[in-house]
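Here is a set of short exercises to work through with the model open beside you. Try each task before reading its solution.

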Amino acid sequence: MDHTAHHSASHASHHDARPGASWGMAVRATLHCLTGCAIGEILGMVIGTALGWGNVPTMALAITLAFLFGYSFTLFAVVRAGLSLKTAIKVALAADTVSIAVMELVDNAIIALTPGAMDAHLSDGLFWSALLGGFAVAFLVTTPVNKWMIGRGKGHAVVHVHH
């Protein structure tokens, strides 16, 4: 085998044998996602609750803003790294969609299943404890999902190529 063929074969084997993601990497990716989701979700819940909206429109606004803020954190980071807006949008969608979706599903399920939380007001401890407790549970559920995805070159792993 000549040098070029050996290098190509060696490169291919290194590329195919992806090391698994570390827990630290998964935690950092999940915290990144949680930050955007939390800002959007809290903002949506506060707006909907303050305006006296019903549960469904308030949750819809909170989830929409969670995705918007979650994607925007990644979007701004990769645009700063030099990607075009079109490419940055594709990277943000690939990097964060599953993570945000799992986080929102878990968080909103916790809120919906906590007795009285959906009817609590901004001044109620139950409102904040259900919301923050939901984030904590969502973090614990989403971190292994992110670890699994990063270990397979998916999810947040697509962002690391652009850092």
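The exercises below go from the overall fold to helix pairs, a pocket and single residues, and the model they use is a predicted one.

**Exercise 1. Overall make-up**

Task: Find how many helices and strands the chain has, and what share of its residues is buried.

Solution:
- Start with the secondary structure: there are 6 helices and 0 strands in the chain.
- Next, read the elements from the N terminus, which gives the order α-α-α-α-α-α.
- Then turn to burial: of the 163 residues in the chain, 36% are buried.

**Exercise 2. Helices α2 and α3**

Task: Describe how α2 and α3 cross, and decide whether the pair is roughly antiparallel or oblique.

Solution:
- To set up the problem, recall that two packed helices are described by the angle between their axes and by the distance between those axes.
- For this pair, the axes of α2 and α3 come within 7 Å and cross at roughly 150°.
- Angles over 145 degrees count as roughly antiparallel, and α2 and α3 are therefore roughly antiparallel to each other.
- The handedness comes next: α2 and α3 make a right-handed crossing.
- Finally, sort the residues of the α2 contact with α3 by class, which gives 12 nonpolar, 10 polar and 1 charged.

**Exercise 3. Helices α3 and α4**

Task: Work out which orientation class describes α3 relative to α4.

Solution:
- Locate the two helices: α3 covers residues 55-80 and α4 covers residues 85-113.
- Their axes come within 8 Å and cross at roughly 140°.
- That angle makes α3 oblique to α4.
- As for handedness, the crossing in which α3 passes α4 is right-handed.
- The contact of α3 with α4 is made up of 18 nonpolar, 4 polar and 2 charged residues.

**Exercise 4. Helices α2 and α5**

Task: Give the crossing angle of α2 and α5 and the classes of residue in their contact.

Solution:
- The axes of α2 and α5 cross at roughly 145° and come within 8 Å.
- α2 passes α5 in a right-handed crossing.
- In the contact of α2 with α5, the count by class is 18 nonpolar, 5 polar and 2 charged residues.

**Exercise 5. The largest pocket**

Task: Find how much space the largest pocket holds and which elements give two or more residues to its lining.

Solution:
- The volume of the largest pocket is about 220 Å³.
- Its lining has 18 residues, and those closest to the pocket centre are Thr49, Asn55, Met118, Asp119 and Ala120.
- Two or more lining residues come from each of α2 (23-50), α3 and α5 (125-151).
- Split by class, the lining of the largest pocket has 10 nonpolar, 7 polar and 1 charged residue.

**Exercise 6. Four residues in their helices**

Task: For Met45, is the side buried or exposed? Then place Leu93, Trp128 and Val137 in their helices.

Solution:
- Met45 belongs to helix α2. Residues under 20% relative accessible area are buried, so Met45, at 5% relative accessibility, counts as buried. Its C-alpha atom is separated by 5.9 Å from that of Thr58, 13 residues apart along the chain.
- Leu93 sits in helix α4. With 41% relative accessibility, Leu93 counts as partly exposed. From Leu93 to Phe67, the C-alpha to C-alpha distance is 9.8 Å, and the two are 26 residues apart in sequence.
- Trp128 is part of helix α5. Its relative accessibility is 30%, so Trp128 counts as partly exposed. The C-alpha atoms of Trp128 and Ile42 are separated by 9.3 Å, although these residues are 86 residues apart along the chain.
- Val137 also lies in a helix, α5. A relative accessible area of 33% makes Val137 partly exposed. Val137 and Ile110 are 8.0 Å apart in space, C-alpha to C-alpha, and 27 residues apart in sequence.

Technical notes: Residues numbered from 1 in each chain as written. Predicted model: local features only at pLDDT ≥ 70, side-chain atom pairs only at ≥ 80, totals over all residues. Heavy atoms only, no water. Axes fitted to C-alpha atoms, helices over the stretch in contact; angles between N-to-C directions. Helix = DSSP H or I, 4+ residues; strand = E, 2+ residues; numbered from the N terminus. Parallel < 35°, antiparallel > 145°, perpendicular 65-115°, else oblique. Left-handed = near helix turned anticlockwise from the far one by under 90°. Nonpolar A, V, L, I, M, F, W, Y, C, P; charged D, E, K, R; others polar. 1 Å grid on protein atoms, 1.4 Å probe; cavity = no way out; pocket = protein on both sides within 12 Å on 5 of 7 lines; lining within 4 Å. Points joined across faces, edges and corners; volume = space filled by probe spheres on them. Buried < 20%, exposed > 50% of the residue type's maximum accessible area, 1.4 Å probe, protein only.
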